[in-house]
Amino acid sequence: MASNSRVLALARARANTYYERWLEKEGVPIIEGFGVSDVRRLSLKPWKRLRCDGAYLQLRGLEGITGVYVGRIAPGTMTEPEKHLYEKIIYIIQGEGVAEFQQQGRVPQAIAWKPGSLFSAPLNATHRLINNGSEPAIFVAVTTAPMILDHFHNERFVFQSDFGFLERYDGEGDYFRPGEQRYLAANNQQWIWETNFIPDARRVLIDAQEQKGAGVNLTQFEISDNTLIGHLTEWPVGRYHKAHYHGGGAVLVILRSEGYSLMWPNEWGTQPYQNGYGDRVVKVDWIPGSIFSPPTNWFHQHFNTGPERALQLALRCGSHKFPLGIRVAAIRAGVYTSVKQGGTLIDYSDEDPEIRRAYLAELEKKGITPDMSYALAANDD
């Protein structure tokens, strides 16, 4: 019979997922919490597998759905070529270089990247990043590695499979040409943009989409036939989003301006300060380079306190072309529909008064004129 200490040790070992145990073997820092204020200031360590410096972000809201890591490539060096059975989207924070891709049996392809570039390594295609600039290159990668590694719990299968997903990527010469096709999704009237490469996400056209707030622009992009996709959201100076909640796994990256986001569990209600939870509402201050992730069914609300239009990148599972069941449920819940109508969004007229009071005080401190007529009108209805 096993001793009590051995039983306890076994129980502790089984508490961690296969992905979590794999992270510990990777030999780089694992940073926990709701988010990080600036990925450029993270303490990274040499990463033998990828041959660059790196760190994993185990954020509260990822919940085994998505994984996040940050990499730093020294000038004149490159990452180790890799391929894998999980999806991955890369966003370039700093630096210039080239990404190389090769589907087995096909001619290699390359694209040039710079700050703001966003692309996805096609599933199980060999790829690497080359820094040909004069400064360290810093990138963020969001993946579906947790779901894949937890499901198969076999690293050799995940990283050494020879299967080519040719229906996704067959080495087409125009594969990484920025896409031009945009259309409105029938289920939620959201703009969809099909593209496998965004040269600079900070300078693209974002479509008007005011369900989440007055003056908000939002475009969802479908990339590399992934279930892992994303959207770009932009909103004016002196304004903020309506609060809403959905499932976990979304990774939010700030690309422009400064401000903060509030997050709280939906069981605290639509007015957490009035309900006595004000001291427990999570506030995440952000600038370009900040990353955070709202947990499942937590209201989250974004406030622009900077002198320019705010721009946010959200990377998540939620493809319109290839829906993933865990995200379909969130869409059906109604992130664009008021909680009063069975959805998960708080209209301006229903929000906690303390939220607007604190925001106006923050703008006053920074000398920024609020643009709140839309919200005040909602309160008069």
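Reader: Which residues form one aromatic cluster in this structure?

Author: Tyr19, Trp22, Trp47, Tyr56, Tyr69, Tyr86, Phe139 and Phe159 do. Keep in mind that the model is predicted. Across the whole structure, a search finds 26 aromatic pairs.

Reader: What makes Tyr86 and Phe159 an aromatic pair, and why is it called edge-to-face?

Author: Take the distance, then the angle. The ring centres are 5.8 Å apart, and the limit for a pair is 6.5 Å. The planes stand at 85 degrees. Anything over 60 degrees counts as edge-to-face, so the name fits.

Reader: Where in the chain do the two partners sit?

Author: In distant parts. Tyr86 is in the loop between β5 (67–73) and β6 (88–94). Phe159 is in helix α4 (residues 155–160). They are 73 residues apart, and the pair links the two regions.

Reader: Are Tyr86 and Phe159 buried or exposed?

Author: The cut-off for buried is under 20% relative accessible area. Tyr86 has 2%, so Tyr86 is buried. Phe159 has 16%, so Phe159 counts as buried too.

Reader: Why is the pair of Phe152 and Phe157 called tilted?

Author: The centres are 4.9 Å apart and the planes are at 55 degrees. Stacked needs under 30 degrees, edge-to-face needs over 60, and the rest is tilted. The angle of 55 degrees falls between those limits, so the pair is tilted.

Reader: What are the accessibility classes of those two rings?

Author: Phe152 has 36% relative accessibility. Phe157 has 39%. Partly exposed lies between 20% and 50%, so Phe152 and Phe157 are both partly exposed.

Reader: What makes the charged end of Lys283 count as sitting over the ring of Tyr260?

Author: One test is distance: the charged atom must be within 6 Å of the ring centre. Lys283 is 4.5 Å from the centre of Tyr260. Arg168 lies over the face of Phe165 in the same class of contact, at 5.9 Å from the ring centre. That value is within the 6 Å limit as well.

Reader: Why is strand β16 (residues 228–235) described as mostly covered?

Author: Count the residues: eight of its eight are buried. Leu228, Gly230, Leu232 and Glu234 are on one side. Ile229, His231, Thr233 and Trp235 are on the other. Both faces are covered. The split follows a general pattern: side chains in a regular strand alternate between the two faces of the sheet.

Reader: How do you know what β16 pairs with, and what is the cut-off?

Author: Two strands pair if there are at least two bridges between them. Five bridges join β16 to β15 (residues 217–222). Eight join β16 to β22 (residues 310–317). Each count meets the cut-off. Both pairings are antiparallel. Gln220 stands opposite His231, and Trp235 has Ala310 in β22 as its bridge partner. The hairpin of β15 and β16 has five residues between the strands, and Ser224 there takes a positive phi near 55 degrees.

Reader: Why are β2 (35–36) and β12 (181–184) called edge strands?

Author: The sheet is open, with eight strands in the order β2-β20-β17-β22-β16-β15-β13-β12. Each edge strand pairs on one side only.

Reader: What makes the pairing of this sheet mixed?

Author: Look at β15. β15 runs antiparallel to β16. With β13 (residues 191–194), β15 pairs in the parallel sense over three bridges. Gln220 in β15 is the bridge partner of Ile192.

Reader: How many cavities of 30 Å³ or more are there?

Author: Two. The largest has a volume of about 70 Å³ and the second largest about 40 Å³.

Reader: Which residues and elements line the largest cavity?

Author: Among them are Leu50, Glu80, Lys88 and Arg128. β6 and β10 (126–131) each give two or more residues, and β10 gives the most, with three. The lining divides into five nonpolar, two polar and four charged residues.

Reader: What makes up the lining of the second largest cavity?

Author: Seven nonpolar, two polar and no charged residues. Gly67 and Thr143 are in this lining; Gly and Thr count as polar. Tyr19, Trp22, Tyr56, Tyr69 and Tyr86 are also in the lining, and these five belong to the aromatic cluster. β5 supplies the largest share, three residues.

How values were computed
Residues numbered from 1 in each chain as written. Predicted model: local features only at pLDDT ≥ 70, side-chain atom pairs only at ≥ 80, totals over all residues. Heavy atoms only, no water. Phe/Tyr/Trp six-rings, centres within 6.5 Å; stacked < 30°, edge-to-face > 60°. Helix = DSSP H or I, 4+ residues; strand = E, 2+ residues; numbered from the N terminus. Buried < 20%, exposed > 50% of the residue type's maximum accessible area, 1.4 Å probe, protein only. Lys NZ or Arg CZ within 6 Å of the ring centre and 35° of its normal. 1 Å grid on protein atoms, 1.4 Å probe; cavity = no way out; pocket = protein on both sides within 12 Å on 5 of 7 lines; lining within 4 Å. Points joined across faces, edges and corners; volume = space filled by probe spheres on them.
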